[in-house]
Amino acid sequence: MDNHFFEQIFKNPLEQHNIPPNEIISQWAEKLIQVLFPENAAKAFSTVEEVKEQVSALELELYDIISASCKLRNSECKNAAGQFFAELPSLYRLLNTDILAIYEGDPAAQSRFEVIRTYPGFYAICFYRIAHMLYNFGIPLVPRILTEYAHSKTGIDIHPAASIGEYFHIDHGTGIVIGETSTIGRYVKLYQGVTLGALSVKKTLAGSKRHPTVEDRVVIYSGATILGGETVIGHDSIIGGNVWLTESIPAFSTAYHSPIVTIRNHKDTN
């Protein structure tokens with residue numbers, strides 16, 4: 001290779017190249033989750049003061065992260081970090097509704113502790129809720145880094161801009177995709193392989209409502225695909241496995257895929 005190749009790399013740094021590595025950003029979120037849910041921590045806090053000190057340290061760390069990555073600068077950037085941590089009680093309350101939804105909605109869940117420590121759905125929801133708060137404060141890139149980290153760990157892909165109500169339950173979770181402009185109500189339950197996607201991925205549609213709205217108390221079973229920004233799944237509906245929907249359905253509906261299945265007993269071949 002000649003020097004021209006190396007000169008291209010050296011002279012063409014990526015925009016915002018001073019942003020901390022993805023690992024540093026994701027580790028910050030991991031530490032925050034361990035503060036909120038010590039069940040995940042290596043050791044318990046000894047005093048309330050230790051909790052306060054750790055929260056203060058995480059706020060300063062967030063300030064450093066967003067100072068290097070966002071359009072905000074100096075005092076405005078610090079304000080964003082402060083505003084995030086001012087909302088920490090609300091985040092904690094919201095995540096506890098998700099724990100309750102998972103625990104009460106899954107017969108296999110034996111305890112709150114088990115949900116926190118073992119459920120990939122809750123792990124992905126934690127990262128989404130943190131990322132969504134940062135997104136709402138106008139912080140670019142960092143929210144996406146967080147949700148993509150959770151995606152890499154769990155197979156659950158939730159865009160940080162999606163709007164998701166309380167008591168959210170992801171069961172199993174692998175292969176779930178929730179697009180940028182999706183709106184999900186309260187007490188919604190999704191199984192593995194569900195896609196809330198767009199009918200078209202044209203770049204000209206950026207900024208428009210491209211993904212579905214799922215109203216309260218809807219259950220969507222594995223492999224279902226729901227597409228389109230004008231598609232609304234009415235409240236208290238059930239979407240069966242492998243259903244493909246591109247149009248709205250009213251409240252209290254049941255949509256199911258009905259394949260032709262033939263079962264032949266081996267004795268019939270004798």
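**Entry 1: a pair of threonines**

I began with one bridge: Thr-183 has Thr-213, in β8, as its bridge partner. I keep in mind that this is a predicted model. Next I looked up the two strands around that pair. Strand β5 covers residues 183-184 and strand β8 covers residues 213-214. They run parallel, and 2 bridges join them. I reminded myself that strands of a sheet pair through backbone hydrogen bonds, either parallel or antiparallel.

Which sheet do they sit in? I found an open sheet of 4 strands in the order β2-β5-β8-β11, with parallel pairing. Its edge strands are β2 (163-164) and β11 (232-233), and each of these pairs on one side only.

**Entry 2: Ser-182**

I stepped back along the chain to Ser-182, which lies in the loop between β4 (177-178) and β5. Is Ser-182 buried or exposed? Its relative accessibility is 1%, so Ser-182 counts as buried; the cut-off for buried is under 20%.

I then checked the company Ser-182 keeps. Its side chain reaches the backbone oxygen of Gly-179 at 3.0 Å. Leaving out residues up to four places away in sequence, Ser-182 touches Ala-162, Ser-163, Leu-196, Lys-209, His-211 and Pro-212. I noticed two strand names coming back here: Ser-163 falls in β2 (163-164), and Leu-196 falls in β7 (residues 195-197).

**Entry 3: the other sheet**

Leu-196 led me on. In β7, Leu-196 is the bridge partner of Ile-178. I saw that β4 and β7 run parallel and are joined by 2 bridges.

These strands belong to an open sheet of 5 strands, ordered β1-β4-β7-β10-β13, and the pairing is parallel. What stands at its edges? I found β1 (157-158) and β13 (244-245) there; each has a single partner strand, so one side of each is left without a neighbour in the sheet.

**Entry 4: Tyr-191 and Ser-222**

I looked up Tyr-191 next, in the loop between β6 (189-190) and β7. Tyr-191 counts as buried because its relative accessibility is 15%. Its side chain makes a polar contact with the side chain of Lys-189, at 3.0 Å. Beyond its neighbours within four places in sequence, I listed the contacts of Tyr-191 as Asp-171, His-172, Ile-176, Val-219, Ile-220, Tyr-221 and Ser-222.

I followed the last name on that list. Ser-222 is in the loop between β9 (219-220) and β10 (225-227). At 30% relative accessibility, Ser-222 counts as partly exposed. Setting aside neighbours within four places in sequence, Ser-222 is in contact with Tyr-191, Gln-192, Gly-241 and Asn-242.

I also took two distances across the model. The C-alpha atoms of Tyr-191 and Ile-33 are separated by 24 Å, and these residues are 158 residues apart along the chain. Ser-222 and Phe-5 are 217 residues apart along the chain, with 47 Å between their C-alpha atoms.

**Entry 5: helix α3**

Time for a helix. I chose α3, residues 48-69, and asked: what span should its 22 residues have? At 1.5 Å a residue they should span 32 Å, and the end C-alpha atoms are 32 Å apart, which agrees.

The buried residues of α3 are Val-55, Leu-58, Leu-62, Ile-65, Ile-66, Ala-68 and Ser-69. Looking down the axis of α3, I see these buried residues fall within an arc of 150°, so they line one face of the helix. The face turned away from that buried side carries the exposed residues Glu-53, Leu-60 and Asp-64.

**Entry 6: the core**

In soluble globular proteins, nonpolar side chains tend to be buried together. I looked for this here, and the largest nonpolar core has 68 residues. Trp-28 and Phe-84 have the most contacts inside it. The elements that give two or more residues to this core are α2 (22-36), α3, α4 (74-86), α5 (88-105), α6 (112-118), α7 (120-136) and α8 (142-154). Of these, α7 gives the most, with 10 residues.

I zoomed in on Phe-84. Not counting residues up to four places away in sequence, Phe-84 touches Trp-28, Leu-32, Leu-62, Leu-91, Ile-130, Met-133, Leu-134 and Phe-137. I was pleased to meet Leu-62 again, from the buried residues of α3.

**Entry 7: the whole protein**

I finished with the totals. The protein has 8 helices and 14 strands. Its C-alpha atoms fill a box of roughly 75 × 60 × 40 Å, taken along the principal axes. Buried residues make up 42% of its 270 residues.

Definitions and conventions:
Residues numbered from 1 in each chain as written. Predicted model: local features only at pLDDT ≥ 70, side-chain atom pairs only at ≥ 80, totals over all residues. Heavy atoms only, no water. Pairing = 2+ DSSP bridges. Buried < 20%, exposed > 50% of the residue type's maximum accessible area, 1.4 Å probe, protein only. Polar contact = N/O pair within 3.5 Å; in protein donor to acceptor, adjacent residues only side chain to side chain. Contact = heavy atoms within 4.5 Å. Expected span 1.5 Å × (residues − 1). Arc of directions from axis to C-beta. Core = buried A, V, L, I, M, F, W, Y, C linked by side-chain atoms within 4.5 Å.
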